[in-house]
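Visitor: I would like to learn how the labels on a model like this one are earned. Could you take me through some of them?

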Amino acid sequence: MSIWNIIKRFVSREIHDTLHAEEAYFPMLVPNETLVKEATHVEGFAPEVAWVTRAGRSPLARALALRPTSEAVIHPYMARWIRSHRDLPLRLNQWCNVIRWEFSCPMPFIRTREFLWQEGHTAHATQVSAEEEVGKALSMYRWLYEEILAVPVIPGRKTEREKFAGADYTKTVEAFIACSGRAVQAATAHYLGQNFAKMYDVQFEDEAGRREYAYQNSWGVTTRAIGVAILVHGDDKGLVLPPKISPIQAIVIPIPPRKGSGERGSNATSEAKAIFQAAVVLSETLEESGIRSQADGDTGRTPGWKYHEWELKGVPIRVEIGPRDLAAKSAVLVRRDNGQKKTVKWQEIGQSVEEMLKLIQRDMLLSARAQVKDRIRQVSTWEEFLKAMDDRCLALAPCSLTPAAEQMIRERSSEAAQEEGEVYDQQLCEAQTEGIPVRLTGAAKALCIPFDQPSLPSGTRCIGDPGKEARKWVLFGRSY
């Protein structure tokens with residue numbers, strides 16, 4: 001929860017200062033008749049909705065859904081509160097949990113039945129105002145991932161097949177996990193148009209006295225963000241946390257002298273106490289400099305054990321202080337991301353650690369960005385497309401944007417993944433070690449239509465349906 005709380009602080013500030021949304025909280029239980037008002041919405045979520053049908057041993061008179069998202073809960077309230085154009089825009093945000101009953105391939109943080117998230121729901125008098133906000137929300141999520149989580153993302157628009165059920169369109173930021181070759185939908189912003197307003201009768205009187213339906217949006221990010229950061233940055237030693245989200249940014253580890261006997265033993269004990277005291281003082285100095293720090297004063301563990309423990313937890317900087325450091329009034333800073341060391345004087349430690357944290361944050365983003373760039377392939381033939389998928393890359397391919405073309409790509413890529421010689425995801429590490437060619441399971445799907453579009457020559461054929469001309473370059477990949 002510590003990491004999620006840090007993310008919440010960053011995002012809440014942006015929601016308040018940039019999107020100007022008010023904090024709210026709405027019921028978790030949704031009556032069936034409320035949910036079914038939006039037929040498209042229910043159809044899209046029907047396989048994921050969990051229902052409460054009993055209270056103790058007594059059956060309920062009507063089934064209650066556990067919210068998979070909150071449009072069906074919030075919009076009826078908006079219909080009561082909004083009367084005039086003076087009530088608009090109405091911007092609400094809530095931090096809560098949602099339930100989506102997904103049975104296939106659960107994965108901690110990435111795909112679970114229950115997760116925490118932030119969801120914004122807004123109503124506007126004009127389409128221009130609503131669409132402008134969708135862009136701002138997506139920019140906020142890109143900022144969160146790249147500037148706070150040090151995770152590069154690809155912004156774009158979902159295809160009609162992949163958009164949020166009931167929305168006019170969905171904008172998204174997509175992340176890529178280089179170590180697994182799979183993509184992750186990182187965050188989304190939906191322009192709902194007037195679809196939900198018509199279902200839930202969200203109307204207002206405009207300046208001319210006419211009754212109009214409101215234009216609405218919804219946008220959100222989940223605890224999946226934590227999972228994405230773990231997968232992008234982690235290594236064989238454990239977590240590698242970006243400094244901005246790490247609950248502890250610097251861990252100070254005292255290194256006592258070896259125990260001796262007689263007078264030497266007495267001196268060693270005295271020196272050890274001085275080292276432990278210095279570690280506490282250094283940690284306090286870092287805290288005063290605005291750095292989240294802690295001194296590991298556990299006398300029952302060796303320094304080596306502590307190194308491994310804090311590396312496992314992903315703390316960005318380890319501060320070492322031993323007998324020589326005590327004598328020189330210095331300390332050794334060790335970076336978690338690359339192991340580089342630097343010796344600094346005590347009086348410089350606050351500034352030195354702060355500068356190192358900034359470097360780590362920057363370098364983690366640059367490293368992850370380079371990995372993603374190397375794994376995006378622009379393809380124009382089906383053979384090139386399959387080769388990109390087999391190499392655990394993303395494919396930027398020309399597409400007609402028809403649901404039929406997307407379905408064809410999904411089916412053909414799924415069939416190709418099941419060919420003889422397939423190595424499944426759970427065998428990935430062993431296969432790499434033994435030099436066996438690695439392929440991923442599952443179908444390739446359209447991740448987004450990237451905003452950054454290469455030139456598309458006239459007459460370019462669709463990768464999934466060569467009988468049709470391509471309209472856009474679409475990013476495809478296998479996802480979690």
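Guide: Gladly, and please keep in mind that this is a predicted model. Let us begin with strand S15 (residues 317–321) and strand S16 (residues 330–335), which are joined in the antiparallel sense by four bridges.

Visitor: What makes S15 and S16 a pair?

Guide: The count of bridges does. At least two bridges between strands are needed for pairing, and S15 and S16 have four, so they qualify as a pair. As an example of a bridge, Arg-318 has Val-334 in S16 as its partner.

Visitor: Which sheet do these strands belong to, and what is its strand order?

Guide: The order is S14-S13-S15-S16-S17, an open sheet of five strands with mixed pairing.

Visitor: Why are S14 and S17 said to stand at the edges?

Guide: Strand S14 (293–295) and strand S17 (341–345) have a single partner strand each, so one side of each has no neighbour in the sheet. On average, neighbouring strands here are turned by 25° against each other, direction ignored.

Visitor: Which helices accompany the sheet, and how do they run?

Guide: Helix H9 (residues 303–312) packs on the sheet and touches strand S13 (250–254), S14 and S15. The direction of H9 makes about 170° with that of S13; angles over 145 degrees count as roughly antiparallel, so H9 is roughly antiparallel to S13. Helix H11 (residues 349–374) lies across S13, S15, S16 and S17, at about 10° to S16. The cut-off for roughly parallel is under 35 degrees, so H11 and S16 are roughly parallel.

Visitor: Why is H12 called oblique to H13?

Guide: The axes of helix H12 (residues 382–390) and helix H13 (residues 403–417) cross at roughly 60° and come within 11 Å. That angle makes H12 oblique to H13, because 60° falls outside the ranges for roughly parallel, roughly antiparallel and roughly perpendicular. The crossing is right-handed. Trp-382, Phe-385 and Leu-386 of H12 meet Ile-409, Arg-412, Ser-413 and Ala-416 of H13.

Visitor: How do you know whether Ser-180 is buried or exposed?

Guide: Ser-180 has a relative accessible area of 11%, and buried means under 20%, so Ser-180 is buried. Ser-180 sits in the loop between strand S8 (169–177) and strand S9 (182–193).

Visitor: What makes the approach of Ser-180 to Tyr-480 a polar contact?

Guide: The two side chains come to 2.6 Å, and the limit for such a pair of N or O atoms is 3.5 Å, so the distance fits. A polar atom of the Ser-180 side chain also lies 3.3 Å from the backbone nitrogen of Arg-182.

Visitor: What about Ala-150: buried or exposed, and what is its phi?

Guide: With a relative accessible area of 0%, Ala-150 falls under the 20% limit, so Ala-150 is buried. Phi of Ala-150 is near 60°, a positive value in a residue other than glycine. Ala-150 belongs to the loop between helix H5 (127–148) and strand S7 (154–157). Lys-329, which is not a glycine, has a positive phi of about 50° and lies in the loop between helix H10 (323–328) and S16.

Visitor: How do you know that the peptide bond from Leu-88 to Pro-89 is cis?

Guide: Look at omega, which is near -5° for that bond. Pro-89 is in the loop between helix H4 (71–81) and strand S5 (90–99).

Note on methods. Residues numbered from 1 in each chain as written. Predicted model: local features only at pLDDT ≥ 70, side-chain atom pairs only at ≥ 80, totals over all residues. Heavy atoms only, no water. Helix = DSSP H or I, 4+ residues; strand = E, 2+ residues; numbered from the N terminus. Buried < 20%, exposed > 50% of the residue type's maximum accessible area, 1.4 Å probe, protein only. Polar contact = N/O pair within 3.5 Å; in protein donor to acceptor, adjacent residues only side chain to side chain. Axes fitted to C-alpha atoms, helices over the stretch in contact; angles between N-to-C directions. Parallel < 35°, antiparallel > 145°, perpendicular 65-115°, else oblique. Left-handed = near helix turned anticlockwise from the far one by under 90°. Contact = heavy atoms within 4.5 Å.
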